[in-house]
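Here's a quick briefing on internal space and helix packing. Have a look at the model first, then read on.

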Amino acid sequence: MKRFKYLLTIALISMSTYGCQDILDEQPRSDLTPDYFNTGAGVERGVNAAYAYFRYWYGSMGGMDMTDFGTDEWTEGDQANNPEVNTYLLTPASGVVSTAWNRAYPAINTCNGVIELGQDVDDLGEAELNRLIGEAKYLRAHWYFILVQQYGGVTLDLGAGPLRFNTNPTVAASRASEEEVYEAIIQDLKDAEEALPPSSSGDGRVWKASALHLLAKAYLTRAWLLDNNADYDSALMAVQRLIPDPNSPTANYGATLLSDYADVHREGNEYNNEILFSANRNGDPDYTNIEPFVGGDEQFLQNRANFYYRCFYFRDVDGLIRDVTNGRPWIRMKPTDFLLNSVFVNTDVDSRYHKSFQTVWYANDEETLPVWTESDVTAGYIDPSMVGEYKYEVGDTALYMPTFELSDLEQGRRGYVVYDPSEVAAQDDYYPSLSKHNAVERPQDGTEDNPNVGSYRPYLAHRLGETYLIGAEAALMSGNPGLAAQYINTLRRRAAYPGMESNMEITAGEVDIDFILDERSRELAGEMKRWFDLKRTEKLVERVRLYNSIAAPNIQPFHRYRPIPQDQIDLAIDPTTPDGRYPQNEGYN
């Protein structure tokens, strides 16, 4: 298959870099033949390359569109880049549907080479070799888990046999069943759990906790797909190997919930004990490409999560200009009214709303500060003696989005611009902006004051907070809502403002799948989870129709799968189908 020929070429020439500086100093090689995987250096660089491919998914526009956009959480901002994702008008020719497909297979084939050919390496110690092969199995499973959730059954045989390293270009390719793909994922993760070290290295490499988290989620997802109670039990057992006490924030293998939810996403604190997997980046422009207008393939390496969820905060707001602190607004994704006002409730008790969203912007431009006028006197906002005085100074509030409604008179008397919930819902430029991905640091000389550069922060892909919610969902579906409540309450106590912990606790009778989905939003909003969550729990169509008015008219049951990219359909010959065509998903032919 020509596409796999192309992907194989990339896998061989792009043993690019990941992790520590000595690796970053290496030059990409063009002579990575299969023999290279028989050396310790080849195995290590192959694993590093497989890690690096996640930069194309986590924190990329395509990856975030395909996981958050068009859900009950996120709809279109004023400048949505791929609106067909939100409106469910995707076609096989839509470029965004190739985001995972085009990046997964070179990484997978590289992992195949490490796993298959690295077994005979004799210049590494046994423990180190086992670790690297365990990492490769985790990474391969991780990519296949993304693929199978997006597309359903995908290709396991790249030309040399299922899960084998391929060096011979071929146009033949077939789709394995979803069950076969999940079996491969779960086996890889079982093997990875055995081989990976028991503690984190602190630099983004995976360890046992990473494998257990993903294993639990794979079992849980397959359980929903196949209506298999045994998989719910297996998911719960995997969680329990990581979190033996659901009432404690402390897990095994050095993983723990941070005491303050805000610290989880705090810039500079990315390698904390709650993070189980991250897509690493750094400030070296040769490898991360955070320049503001870089083009070509390099642009997809950027972490631009700090742009996507930001509103047009400085448009028509006196005293505000775009700056590094507030970030570059791309106005791509707007939180739904449901997320802001129905999911996030009791915001005076639950700290996660204000620790996840920016709702206040402070004046930063002295030249455009507004003054009180005679019209403000006429409207009843001020006393006549205040005419000509500044409404606010630099450093004061210029824009505010409260969680409650304000009358026109109350807004006017404040002087600054106010968008209350009804006004946020009525337009697509101004809305509370997700702050989890904020990036203020500028590693390149000359960019310190440039708000247009992308983020070089690692993207925090998997964390222990989600593991508690996986445990809750598995426990509920296994018939134990009491245990589910324990997992949830541990997270909710962490989320409470000091002294409010007991107010956050729930009972077993309050736990159902809708509550868990709402709790996942409160904990994980904007972390590239939501489309997968709704699909897994068979709530995608129902919730999108209820809570995303733009997407609601078009979404259909077949949208629980994405279309196979058209290039794949056109170029592949499937020897297992009557017409020799690579099968497209239902609804997209």
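How many cavities of 30 Å³ or more does the structure hold? There are 5 of them. This is a predicted model, so local features need pLDDT of at least 70 and side-chain atom pairs count only at pLDDT 80 or more, while totals for chains, interfaces and linings use all residues. Residues are numbered from 1 along each chain as its sequence is written, and side-chain values use heavy atoms, with hydrogens and water left out.

**Cavities**

- A cavity here is a set of points, on a 1 Å grid over the protein atoms alone, where a 1.4 Å probe fits but cannot get out, and lining residues have an atom within 4 Å of a point.
- Grid points are joined across faces, edges and corners, and a volume is the space filled by probe spheres set on the points.
- The largest cavity has about 120 Å³ of space.
- Its lining takes in 14 residues, and Y58, Q149, K217, H462 and F532 lie nearest the centre.
- Two or more lining residues come from each of α7 (126-151), α9 (208-226) and β9 (459-463); helices (H or I, at least four residues) and strands (E, at least two) are DSSP runs, numbered from the N terminus.
- With 4 residues, α7 gives the largest share of that lining.
- By class, the lining of the largest cavity splits into 8 nonpolar, 3 polar and 3 charged residues (Ala, Val, Leu, Ile, Met, Phe, Trp, Tyr, Cys and Pro count as nonpolar, Asp, Glu, Lys and Arg as charged, and the others, Gly among them, as polar).
- The second largest cavity comes in at about 90 Å³.
- Residues lining the second largest cavity include H265, N303, K436, H437, R457 and E527.
- That second lining has 3 nonpolar, 4 polar and 3 charged residues.

**α8 against α9**

- Helix α8 (residues 178-195) packs on α9 at about 160°, with the axes 9 Å apart; axes are lines fitted to C-alpha atoms, for helices over the stretch in contact, and angles run from 0 to 180 degrees between N-to-C directions.
- That angle is why α8 and α9 are roughly antiparallel to each other (angles under 35 degrees count as roughly parallel, over 145 as roughly antiparallel, 65 to 115 as roughly perpendicular and the rest as oblique).
- α8 passes α9 in a left-handed crossing, meaning that the near helix is turned anticlockwise from the far one by less than a right angle (clockwise would be right-handed).
- Among the residues in contact (heavy atoms within 4.5 Å) are Y182, I186 and L189 in α8 and L212, L215 and Y219 in α9.
- By class, this contact has 14 nonpolar, 1 polar and 8 charged residues.

**α3 against α6**

- The axes of helix α3 (residues 40-52) and helix α6 (residues 98-117) come within 9 Å and cross at roughly 155°.
- α3 and α6 are therefore roughly antiparallel too, and the crossing is left-handed.
- V43, G46, V47 and A50 in α3 touch A107, T110, C111 and V114 in α6.
- The tally for α3 with α6 is 6 nonpolar, 2 polar and no charged residues.

**α10 against α17**

- Helix α10 (residues 229-242) and helix α17 (residues 464-477) pack at about 145°, axes 8 Å apart, in a left-handed crossing.
- Contacts include Y232, L236 and V239 from α10 and I470, G471 and A474 from α17.
- Here the split is 10 nonpolar, 2 polar and no charged residues.

Note on methods
1 Å grid on protein atoms, 1.4 Å probe; cavity = no way out; pocket = protein on both sides within 12 Å on 5 of 7 lines; lining within 4 Å.
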